[in-house]
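Q: Could you take me on a close look at one part of this structure, the part that the record labels as a DNA-binding region? I am in my first year, so please explain the terms as you go.

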Protein chains: 2
Amino acid sequence: MSPRKSAAEARRTRERIVGRSVAIASVDGLDGLTLGRLAADLEMSKAGVLGHFGTKEALQLAALAEASAIYTRLVWEPAADLPPGLTRLRAVCEYWVDYLETARDIFPGGCLFTTASVEFDARPGPLHDAVRRLQLRWRRVLLTDLTTAVANGELPADTDPEQLCFELVGLYLGLNQSIQLLADPHAPARTRRALDRLLTPPPR
Amino acid sequence: MSPRKSAAEARRTRERIVGRSVAIASVDGLDGLTLGRLAADLEMSKAGVLGHFGTKEALQLAALAEASAIYTRLVWEPAADLPPGLTRLRAVCEYWVDYLETARDIFPGGCLFTTASVEFDARPGPLHDAVRRLQLRWRRVLLTDLTTAVANGELPADTDPEQLCFELVGLYLGLNQSIQLLADPHAPARTRRALDRLLTPPPR
DNA sequence: CCTACCGATCGGTAGG
DNA sequence: CCTACCGATCGGTAGG
């Protein structure tokens, strides 16, 4: 029926599948994502969907990688060229809040990264490993600027960067819960207030 | 084959099913819980399991209610008789950390309440409503002692109880992630340090 | 990228 | 609480 497609068309189809997978998994989880649902949404056959990935697990990993790419593009890249240290860190944290506030068209069920973190936190396998690796990578990004900020005297000298990083991640998880589960309109402002307090230069 | 059981035996069987459901759902989520798996674990038939609840959704709600009861028993009740305000709040927060650190035999995949919060945060229905209600109830418990603590002068007068409650919940979510996904042995100590800073009486 | 399958498992029901 | 089913859906394969 459908003629065989060119490589460029195949790539576009693959992108459509991954984009739709990210949206579905954001709501239903990466396990709630099924080939049948995906095929129906995209008006394709299940075999046509699966052909691009081979297995469902490979599709789940592709969706997670795409979510990570979106996150990097929206949260990290806009701040990448700012001066390392407190300046860049504050910008990243601001983009981070914006991302949770506004990326609802891409992630109708909230940050896929957070959903997947909880979904696979206790289930060994490639998805657990991938989620864990991405989470550690992101914490290292924060830690780098935190350490620089302390070295620059932009944060109090007795600041423990690991401790502050832990607290920043907690704020973000709480923001995601308040937006998604509670639909609390004040949560972004609360997060910004907490960030201001945590990321304030020492008195001099 | 099996003779009909007495009401007391039926109650015991129901408790066994719910207990096993909590453990499975802690790892695989309330949707990952299946009647077939449950029946195999308990060496019963699927119909025997389902007979106690009628539908899978009723079983999921029962597992969630049990998780909430466990949480209340381990986190709230040990502190219930302490003086309202900062004293009781600090005790509750300490039991809260202990609970995440040590309840791994009951919740092998971490606090079921947190897992369910993320699983159903964007999916309307009775489970979403139940998770949301329980989360709001718990936040109100924290808020009560926070408000009392400010009124008693045990926290700085300019403290916003809602803001502090938001930050406490974030810490807890971060602790769950650090324990489950990252297996970070320092996370409980970090949480206690952050709690100390957040719940310190004003200088006088 | 499709049609046409496969065995396994899903939640749930009938009837005892 | 069991056996014996039901239709629907799962991930995946064969073959084109």
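A: Happy to! UniProt, in an unreviewed entry, lists residues 34-53 of chain A as "DNA-binding region". UniProt positions are given here in the numbering used for this structure, feature names are shortened, and annotations may be inferred rather than shown by experiment.

Two notes on reading the model. This is a predicted model in which local features need pLDDT of at least 70 and side-chain atom pairs count only at pLDDT 80 or more, while totals for chains, interfaces and linings use all residues. Residues are numbered from 1 along each chain as its sequence is written, chains are lettered from A and ligands numbered from 1 in the order in which they are written, and side-chain values use heavy atoms, with hydrogens and water left out.

Let's start with the region itself. The end C-alpha atoms of residues 34-53 of chain A are 13 Å apart, and the span is 70% helix and 0% strand. Helices (H or I, at least four residues) and strands (E, at least two) are DSSP runs, numbered from the N terminus. Another annotation from the unreviewed UniProt entry, "domain: HTH tetR-type", covers residues 11-71 of chain A. That span is 85% helix and 0% strand, and its end C-alpha atoms lie 21 Å apart. Chain A as a whole has nine helices and zero strands, and its C-alpha trace spans about 75 × 35 × 30 Å along its principal axes.

How do the helices here sit? The axes of helix 1 (residues 7-32) and helix 2 (residues 35-42) of chain A come within 10 Å and cross at roughly 125 degrees. Axes are lines fitted to C-alpha atoms, for helices over the stretch in contact, and angles run from 0 to 180 degrees between N-to-C directions. Helix 1 and helix 2 of chain A are therefore oblique to each other; angles under 35 degrees count as roughly parallel, over 145 as roughly antiparallel, 65 to 115 as roughly perpendicular and the rest as oblique.

Now for the DNA. A residue is near a strand if one of its heavy atoms lies within 4 Å of it. Around DNA strand D there are 16 residues, of which Thr34(A), Lys46(A), Lys56(A), Ser45(B) and His52(B) come nearest. Of the atoms of strand D that come within 4 Å of the protein, 62% are sugar and phosphate. Helix 2 and helix 3 of chain A and helix 3 of chain B each supply at least two residues of the surface near strand D, and helix 3 of chain A gives the largest share, three residues. By class, this surface has six nonpolar, seven polar and three charged residues. Here Ala, Val, Leu, Ile, Met, Phe, Trp, Tyr, Cys and Pro count as nonpolar, Asp, Glu, Lys and Arg as charged, and the others, Gly among them, as polar.

Zooming in on atoms, a polar contact is a pair of N or O atoms within 3.5 Å; within protein, one must be able to donate a hydrogen and the other to accept it, and residues adjacent in sequence count only if both atoms are side-chain atoms. A side-chain N or O atom of Lys46(A) is 3.0 Å from a base nitrogen of strand D. A backbone N or O atom of Lys56(A) lies 2.5 Å from a phosphate oxygen of strand D.

Chain A also meets the other strand, C. Ser45(A) and His52(A) are among the residues that come nearest to DNA strand C, and helix 3 (46-51) of chain A is one of the helices that supply at least two residues of the surface near it. In addition, the side chain of Thr13(A) has an N or O atom 3.0 Å from a phosphate oxygen of strand C.
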